[in-house]
Amino acid sequence: MRRALIIALVIVFTSHGFAALFGRITDPIHGFSVDLPRGWTVRASVNLGKILIASGDSTKIVSIFVMKGKPKEVLRLLTFMVRSGVMYREEKDALVAKCSTTYMGAIPFVDGATATDLGFYGLINRPVDLTITIFPGRKYNVVMAVIVPQGEEAEDVRQVVTSFQFAKPTVKAETVTIRDWDGTPAFYIDLPKGWKLDARILRMPKSVMGMPYIKISSDRGRVTYMPFNYTFMSYADPMMPFAIATVFDPDLGQEVQCQGAYQDPSQFILGWIAPKMNLHLNPDAIESFDLPEPEGFQATYGMGGVSVDFGIYHASGGRCELEVLMAKTTASMPPGVSYGMTGNAVGIEGDEEARAVAAAAIRSLVPDPKWLRANLRAEMQEIKREMEHRRWMWNEFRKTQRYISQLHQDSMAQERKFQEEMARAFANVLSDQIYVRDPESGEVFHIDDVAQQYWTNEFGDIIGVDEPVDEWKLEAMGWHKMEARLEGFGSW
């Protein structure tokens, strides 16, 4: 269960950029500002080569990048990549192409991580309206691709597009490679000049998928990108009750027992995440935004009695700001219940300018496509092996249940037979009768109980004998001894 959840979260969360829930976002490293609607995220990096702005469920995407070439030739090239019906329009300062395609056809305008999100959300074959706008420049053309579900009103997209502005970068940065334990490039991040980077790739328990743990600091501020995984289990069986809470500590790289039994995300954020990052937040300032459950999630993770809620949580406190992207699981399996909270958190501390620089740095975090594919492939193989093991365990469980059920049925049948025989024996005692059986013919007779032994011959005559007799003589005369039982013989 946890492995499937971890892989689902990694697929979705590694491609999300840090942003406040809503408001004006200024990026001093990459040189732009934009008004983000509630729940939207933005990602920009030198390695990415694009500015990607997306809604929380990845259904609406704005992709901004630059290309060399004559504007009309650039537009023809981009629409050729879409390969669908296109309507062209020439405006005063721009060239526009409107296309009807699918998310698959719009993949060239996003990146590998976003494409993975689209597949995970089950959107890849959904029809979309794609608008490509070319803004000609002296050396470069600015391209803005807008992707929205077909026929859907997109007021929030209009807010993003109309508010977007380029600005001269005020902070220099260099692209730094974050490597896995074997030296493989795993992530890229634009590190601001004068800031220090402490980064490593972690593996949570029962997962081979790597997750980044990043700390960036300067004398003016700091930012932490931290994965987390919390589990609380309670078992209310009166014979053996227990409750235990564990949390993955990224500094130790392992699970440890947690003192708090958190069932609410806000309590966990204030009780463990914020103290872990040494952030002082206003307890009443946590805002939340629910994300829809991915369509492909149940196929990967769905189990009876388990519910999953995806959400973004944002809190601030003076010089501090915290954003948490989380999946909360609730599993009810009487007499027990368990809660799980998994995801990543971004905490920032510093003055306003330092916080803007720190947010821009974290916003530039992108996974290496080869590393991501290799990790996903390895994780899916582990999931496949685990599912096969679960099927084997389930089959063995069913065999055991059938065996126990058969034992129970046999025991009930024996008990029923015993009770019936005891009832017959009691009735015979009260009525001075007994059952006798001819061992040779198998015939059973219900007769008056007047002797200690009963004998019969080939003609079916029955005699009772009380005194000790010479059995050899009786047998020589053609008689043979009968079996006698008060409770009868066999089931009736």
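This report walks through the fold, the cores and the charged pairs of a predicted protein model.

**The chain as a whole**

Let's start with the overall picture. The protein chain carries nine helices and 28 strands. It is 492 residues long, and 47% of those residues count as buried. Among contacts with a separation of 6 or more, 58% are between residues 24 or more positions apart. On the outside, the chain exposes about 25400 Å², and carbon and sulfur atoms supply 53% of that area.

**Helix α5 and the core around it**

Helix α5 is a good place to look next, and it covers residues 265-276. Its N-terminal end is capped by D264, with a side-chain oxygen of D264 lying 3.0 Å from the backbone nitrogen of S266. Just after the helix comes N278, which takes a positive phi of about 60°. Which residues of α5 are buried? They are P265, F268, I269, W272, I273 and A274.

Three of these names come up again in the largest nonpolar core, which has 31 residues: F268, W272 and I273 are listed with F228, Y230, L322 and V324 as the residues with the most contacts inside it. At least two residues of this core come from each of β14 (210-217), β15 (221-235), β16 (242-249), α5, β19 (306-317), β20 (320-333) and β21 (336-350). Which element gives the most to this core? That is α5, with five residues.

If you would like to follow one core residue in the viewer, try L322. Leaving aside residues up to four places away in sequence, L322 touches I269, I273, M277, L279, L281, Y313, H314, A315, A345, V346 and G347. A separate core, apart from the one just described, has 29 residues, including V74, L118, I132 and I147.

**A nonpolar patch on the surface**

Some nonpolar side chains are found on the outside. L77, F80 and M81 make a nonpolar surface patch of about 300 Å². L77 belongs to helix α2, residues 71-82. L77 counts as partly exposed because its relative accessibility is 43%, between the 20% limit for buried and the 50% limit for exposed.

**A buried arginine**

Is R43 buried or exposed? R43 counts as buried because its relative accessibility is 4%, which is under the 20% cut-off. This arginine lies in strand β3, residues 41-44. Its side chain has a partner: a polar contact of 2.8 Å joins R43 to the side chain of D111.

**Salt bridges**

The whole structure holds 17 salt bridges. Three of them are set out here, each with its N to O distance.

| Pair | Distance |
|---|---|
| E155 and R158 | 2.6 Å |
| D180 and R203 | 2.6 Å |
| D251 and K276 | 2.9 Å |

The E155 and R158 pair sits within helix α4, residues 155-163. The two residues are separated by about one helical turn because they are three residues apart in that helix. More generally, an α-helix has 3.6 residues a turn, so residues three or four places apart point the same way. E155 is exposed, with a relative accessible area of 54%, while R158 is partly exposed at 43%.

What does the D180 and R203 pair tie together? D180 lies in the loop between β11 (173-179) and β12 (185-192), and R203 lies in strand β13 (residues 196-203), so the salt bridge ties together parts that are 23 residues apart in sequence. D180 is buried, with a relative accessible area of 7%, whereas R203 counts as partly exposed at 26%.

The third pair, D251 and K276, brings us back to α5. D251 lies in the loop between β16 and β17 (254-257) and K276 in helix α5, and this pair links distant parts of the chain, 25 residues apart. D251 counts as partly exposed at 35% relative accessibility, and K276 counts as partly exposed at 27%. This salt bridge also has company: K215, D249, D251 and K276 are linked in a network of salt bridges.

**Pulling it together**

Helix α5 is a handy landmark in this predicted model. It supplies five residues to the largest nonpolar core, its N-terminal end is capped by D264, and its residue K276 meets D251 in a salt bridge.

Notes: Residues numbered from 1 in each chain as written. Predicted model: local features only at pLDDT ≥ 70, side-chain atom pairs only at ≥ 80, totals over all residues. Heavy atoms only, no water. Helix = DSSP H or I, 4+ residues; strand = E, 2+ residues; numbered from the N terminus. Buried < 20%, exposed > 50% of the residue type's maximum accessible area, 1.4 Å probe, protein only. Contact = heavy atoms within 4.5 Å. Areas by Shrake-Rupley, 256 points an atom, 1.4 Å probe, with all protein chains shown as cover. Polar contact = N/O pair within 3.5 Å; in protein donor to acceptor, adjacent residues only side chain to side chain. Core = buried A, V, L, I, M, F, W, Y, C linked by side-chain atoms within 4.5 Å. Patch = residues over 30% accessible without salt bridge, like charges linked within 9 Å, V, L, I, M, F, W, Y side chains within 5 Å. Salt bridge = Lys/Arg side-chain N within 4 Å of Asp/Glu carboxyl O.
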